[in-house]
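Me: Hi! I've got a structure open and would like to talk through how its pieces fit together. Could you have a look with me?

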Amino acid sequence: MKIHNSPSTFNDYYNQIADSNLINDKNELTQAVLKHEHIYHIPEQWGSGVHRTHFLRNGFELSHSKMLFHEPVQITRKFGTPYLELALNIDYSAAWSVDDFRSEREHGGHVQLIYMNDVKIHAEMPASKAMNHMELRFNPFVHWFSPQA
């Protein structure tokens with residue numbers, strides 16, 4: 001998917017991607033979900049790599065990021081929709097904070113189970129360190145199966 005505005009920072013770019021993946025408040029499927037997959041190539045000004053989001057069903061997605069940045073980058077985002085995330089840091093170096101609770105710098109080989117609900121995240125990713133990261137995310141309040149009669 002192509003980002004239409006030319007973002008001035010990587011944070012702006014990241015937030016445009018995140019906004020395009022959202023399901024609206026009425027829990028209807030957006031164009032992003034109907035396409036089943038979004039692929040974003042990191043603009044050369046920040047580095048190289050790709051981020052893919054696969055929409056498996058309403059409220060359930062798998063993301064994979066494989067990136068390398070020229071300069072350190074930061075992202076900040078508020079998450080208002082509750083979700084549960086299983087994150088696998090395959091090859092990764094970053095520092096994270098959730099609502100100002102800061103984690104230690106993470107490296108490859110870690111798995112985390114995280115529940116997000118009305119929180120603000122901040123991440124700092126260094127330059128010249130490979131990032132290979134997967135996330136399996138689901139909204140625990142979305143009904144995936146129809147009730148049987």
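Me: How many bridges join β4 to β9?
Reply: Seven bridges join them, and the two strands run antiparallel. Just so you know, this is a predicted model.

Me: Thanks! And what is the bridge partner of phenylalanine 79 in β9?
Reply: Phenylalanine 79 has valine 119 as its bridge partner there.

Me: Which side chains along β4 are buried?
Reply: Val73, Ile75, Arg77 and Phe79 are, and they point to one face. Gln74, Thr76 and Lys78 point to the other face and are not buried. In a regular strand, side chains alternate between the two faces of the sheet.

Me: Now the helix. Where does α1 lie?
Reply: Helix α1, residues 10–20, lies across β1 and β3. Its direction is at about 170° to β1.

Me: What do the buried residues of α1 pack against?
Reply: They pack against β1, β3, β4 (73–79) and β9 (119–125). The buried residues themselves are Phe10, Tyr13, Tyr14, Asn15, Ile17 and Ala18.

Me: Switching topic: what is the strand order in the open sheet of six strands?
Reply: The order is β1-β2-β3-β10-β5-β8, with antiparallel pairing. The edge strands are β1 (37–41) and β8 (110–116), each of which pairs on one side only. From one strand to the next, the twist averages 15°.

Me: How many bridges do β3 and β10 pair over?
Reply: Eight bridges, in the antiparallel sense, with β3 covering residues 60–69. Serine 63 stands opposite glutamate 135 in β10.

Me: I'm curious about arginine 137. Which strand is it in?
Reply: Arginine 137 lies in β10, which spans residues 131–138.

Me: Buried or exposed, that arginine 137?
Reply: Arginine 137 counts as buried because its relative accessible area is 16%, and the cut-off for buried is under 20%.

Me: Which side chains does the side chain of arginine 137 make a polar contact with?
Reply: The side chain of glutamate 85 is one, at 2.9 Å. The side chain of glutamate 135 is another, at 2.6 Å. You've already met glutamate 135 as the residue opposite serine 63.

Me: And what is arginine 137 in contact with, leaving aside neighbours within four places in sequence?
Reply: With that restriction, arginine 137 is in contact with Gly59, Phe60, Glu61, Tyr83, Leu84 and Glu85. Of those, Glu85 also takes part in the 2.9 Å polar contact.

Conventions: Residues numbered from 1 in each chain as written. Predicted model: local features only at pLDDT ≥ 70, side-chain atom pairs only at ≥ 80, totals over all residues. Heavy atoms only, no water. Helix = DSSP H or I, 4+ residues; strand = E, 2+ residues; numbered from the N terminus. Buried < 20%, exposed > 50% of the residue type's maximum accessible area, 1.4 Å probe, protein only. Polar contact = N/O pair within 3.5 Å; in protein donor to acceptor, adjacent residues only side chain to side chain. Contact = heavy atoms within 4.5 Å. Pairing = 2+ DSSP bridges. Axes fitted to C-alpha atoms, helices over the stretch in contact; angles between N-to-C directions.
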